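Biologist: Before we turn to particular places in this structure, I should like each term you use to be justified against its criterion. Shall we begin?

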Amino acid sequence: MSNVLKKISWSSRDHNGHGGERSPLLPPRPQGSLETVEEAAEVINQDGNIQNVQPPCSPKEIPHTENLLSLKYESLDYDNCENQLFLEEERKIGPRGFRLVEISRWFICLLIGIFTALIACIIDIIIEKFADLKYFVLKGKIDAFALGGGLSVSLVIWAAMNAGIVMLGSILVAFVEPIAAGSGVPQIKCYLNGVKIPHVVRLKTLLVKVLGVIFSVSGGLAVERFEGPMIHSGAVIAAGVSQGRSTTLKRDFKIFEYFRRDTEKRDFVAAGAAAGVSAAFGAPVGGVLFSLEEGASFWNQYLTWRIFFASVISTFTLNFVLSGYHSQFGQLANPGLINFGRFEDKNEAYTWFEIPLFLIIGAIGGLSGALFNTINYWLTMFRIRYVHRPLLQVLEAMLVAAVTATVSFLMIYFTDDCQPLGEDNVVDYPLQFFCKDGEYNSMATTLFNTPEKSVRSLFHDSPGSYNPTTVGLFCFSYFLLACWTYGLSVSSGIFIPSLLLGAAWGRLIGILLSNISQADWADPGKYALMGAAAQLGGVVRMTLSLTVIIMEATGNVAYGLPIMLVLMTAKWIGDFFIEGLYDIHIKLQSVPFLDWEPPATSNSHIASSDVMSHPVVCFQRIEKVGHVVDLLSDATCNHNGFPVVDEQVEGRSDHFGKLRGIILRSQIIVLLKHKAFVERGKYGMPGYRLTLKDFRDAYPRFPPIQSIHVSQEERECTMDLTPFMNPAPYSIPQDASLNRIFRLFRALGLRHLVVCNSENHVVGLVTRKDLARYRWSEHGLEELLLAQA
């Protein structure tokens, strides 16, 4: 393993460690944490000990490898803590109260759909205004200098305008909220998988995401404004609305307090992600399937209906608002921000002998997607190592914007693809350049159009609208620009750029087939659709949800079979070489992400006794306050879950008493904050009798133990953990296989799994990182190292 230093992450400002794991199949390591260092990272060596690794190179370089697991990510508590307080509240609510709770869930989904659609409308309208302004400014300059000479001045103006606009968005991301960079889909996938990504669903993140995507799209980058940013925006809206308060604004509206826990919040975030997809594509069913395929660990019939309801409301609200904006109030003809148009022409229908051609297109998409992901992987590694300072990130974004403008200008200048004006109603930004009067430059129009409008043009423009040389040159240049752009410190997405790239080379294939066969069946628009699906499938490796999204966005169910075959072929071919783009970026951030299935061969030779953390820090049901405070304050004990046991047998170090329950660090901190001591209860002092409201008020930002003041007199008091602990935690025998443990974690969303012997004595504890550190590679089952950063 190469030396590892502190690396850049999705949110480099939050360094809360999370320890407690050890190297399996090795001698046991005491459960503890790693201390953060500035000039060297700490990894766990093969002896199970913490080792400082000094940098062998310049401090400007940050060596990094994907074979690491970061200790700074914590797990979410998807398992409800059914302690005495919880059961008492459930009994008090009663059947009528539960009906009101269910109604509240539907009402929250209604609000999620409405607010997500409004955010989408705001982004769409502002970007449209920016695009119009930019087009008229540049058109005037280009026309003026084309007649009088000095087109180089137009190039400088174009590049400077793009770089300036992108600079604003990049500054927001790099200096204000780094988590808003990119599409946000990998982060939301991790959140729904059970990993707490710092800052991912905060209001500040939403504001930076919205402003950032407006600037990045208006700056001419090869990015999109819809799918990825809308998924992230919908998730943030869902997380905020469902909690009835804003921790960023420090405002509590005293509503929806029942849902202030990770279990409920996770379901609403899944609804928000689906509403984002629905707003972008007008695809409510596709949104539901996206949340199912890409995110949520849990699923049931009621959750499906609520998520579908939020998606439909999002589509309807966006349709209703845009109809008023376009002075067609009440005419609900725009179901989503992206409308690819219907394939209804008889020449656009496919025949049975074209299916092998579609499979070949799928294979090309898989190869192209694998190449795209491989190049972007190495670019991301380069950025992690060298472009890790915010100022450098802003400068790189400006450089990409200027290069994009320069390449676009040169392609327009050196291509002579003039098309007659008026035959194509999709042309919104016709640029004449050196074409005759009544003609427009096809390349210029493609580059000045928003990417989604260019996709629609490639789908539905009549045959002969594009020169094969123009399309081929565009494919090559846009591939490199899109690959370079994804991963910049700007808010962006990859869906539409991938669709545009695939539609371009798909139409090129259609043009070649049409010229060869001279038959009506070889319609270029049809092959542009297949190429778009193949390229996107080869990059992100989505199948089920993407099939439905494209079908809903094109309004043609007849293409369901070929689209599905294309996506499956692209996924299989791409997976042979490299993983999907989202999964690559998740691994590069060293997130303890649990896949759908456990690692291969994990059922045969790895048991829970090999995986578990040992020894375990345990509490008894009655503990002295001073002892609890000392343990929580210990820098080597930053665990988030503590088994509650009977008194340990003297002289035994192989087990820690009989299991009676488990209690979380956050619960203990709330108890200390409210002075819930046994002695206070005896004297009838206020604050001893706590309710679930006290814990919900502190959620989700529980105070650190250092902020809790405990006097010397209070240290001698005792705490009764019995009413607050979970008396029935999930446990597993010490000889259970890794396969079984993995499925329990994945299916139940566990954060801790207690390992017990045959007498129910605690012998260890399994956490998410104990499982995520196993990964199947071409060399077999490998074990990842742990790093603090």
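Modeller: We may start with Thr-470, which lies in helix H13; please bear in mind that the model is predicted.

Biologist: Why is Thr-470 called buried?

Modeller: The relative accessible area of Thr-470 is 6%, and the term buried applies under 20%. Thr-470 therefore counts as buried.

Biologist: Which residues is Thr-470 in contact with, leaving aside its neighbours within four places in sequence?

Modeller: Thr-470 is in contact with Thr-415, Asp-417 and Met-443, those neighbours being left aside. Contact here requires heavy atoms within 4.5 Å. As for Leu-508, it stands 38 residues from Thr-470 in sequence, and the two C-alpha atoms are 9.5 Å apart in space.

Biologist: What makes Thr-547 buried or exposed?

Modeller: Thr-547 belongs to helix H16, residues 544–554. Its relative accessibility is 9%, to be set against the limit of under 20% for buried; Thr-547 is therefore classed as buried. Beyond its neighbours within four places in sequence, Thr-547 is in contact with Gly-560, Ile-563, Met-564 and Leu-567.

Biologist: Let us pass to the internal space. How many cavities of 30 Å³ or more does the structure hold?

Modeller: There are seven cavities of 30 Å³ or more. The largest cavity contains about 430 Å³ of space. Its lining comprises 29 residues, and those closest to its centre are Lys-134, Gly-220, Leu-447, Phe-448 and Asn-449.

Biologist: What makes a residue part of that lining, and which helix gives the most to it?

Modeller: A lining residue has an atom within 4 Å of a cavity point. Helix H1 gives the most, with five residues. Among the helices that each supply at least two lining residues are H1 (84–148), H2 (151–176), H4 (203–218) and H13 (468–485). By class, the lining has 18 nonpolar, 10 polar and one charged residues.

Biologist: How do you know that strand S15 and strand S16 pair?

Modeller: Pairing requires at least two bridges between the strands. S15 and S16 (residues 752–756) have three bridges, in the parallel sense, so the criterion is met. In S16, Val-755 is the bridge partner of Ile-732.

Biologist: Why are S15 and S17 placed at the edges of their sheet?

Modeller: The open sheet has three strands in the order S15-S16-S17, with mixed pairing. S15 (731–733) and S17 (762–767) each have a single partner strand, so one side of each is left without a neighbour in the sheet. The twist averages 30 degrees from one strand to the next. Helix H26 (residues 738–748) packs on this sheet and touches S15, S16 and S17, its direction making about 145 degrees with that of S16.

Biologist: What is the strand order in the sheet that contains S10?

Modeller: The order is S10-S12-S13, in an open sheet of three strands with mixed pairing. The edge strands are S10 (619–620) and S13 (659–664), each of which pairs on one side only. Helix H22 (residues 665–673) packs on the sheet, in touch with S10, S12 and S13, and its direction makes about 75 degrees with that of S13.

Biologist: How do you know that S10 and S12 count as a pair?

Modeller: Two bridges join S10 to S12 (residues 641–645), and the strands run parallel. The criterion of at least two bridges is therefore satisfied. Within this pair, Gln-620 stands opposite Val-645 in S12.

Technical notes
Residues are numbered from 1 along each chain as its sequence is written. This is a predicted model: local features need pLDDT of at least 70, side-chain atom pairs count only at pLDDT 80 or more; totals for chains, interfaces and linings use all residues. Side-chain values use heavy atoms; hydrogens and water are left out. On a 1 Å grid over the protein atoms alone, a cavity is a set of points where a 1.4 Å probe fits but cannot get out, and a pocket is an open set with protein on both sides within 12 Å along at least five of seven lines; lining residues have an atom within 4 Å of a point. Grid points are joined across faces, edges and corners, and a volume is the space filled by probe spheres set on the points. Helices (H or I, at least four residues) and strands (E, at least two) are DSSP runs, numbered from the N terminus. Ala, Val, Leu, Ile, Met, Phe, Trp, Tyr, Cys and Pro count as nonpolar, Asp, Glu, Lys and Arg as charged, and the others, Gly among them, as polar. Axes are lines fitted to C-alpha atoms, for helices over the stretch in contact, and angles run from 0 to 180 degrees between N-to-C directions. Buried means under 20% relative accessible area, exposed over 50%, partly exposed in between (1.4 Å probe, protein chains only).
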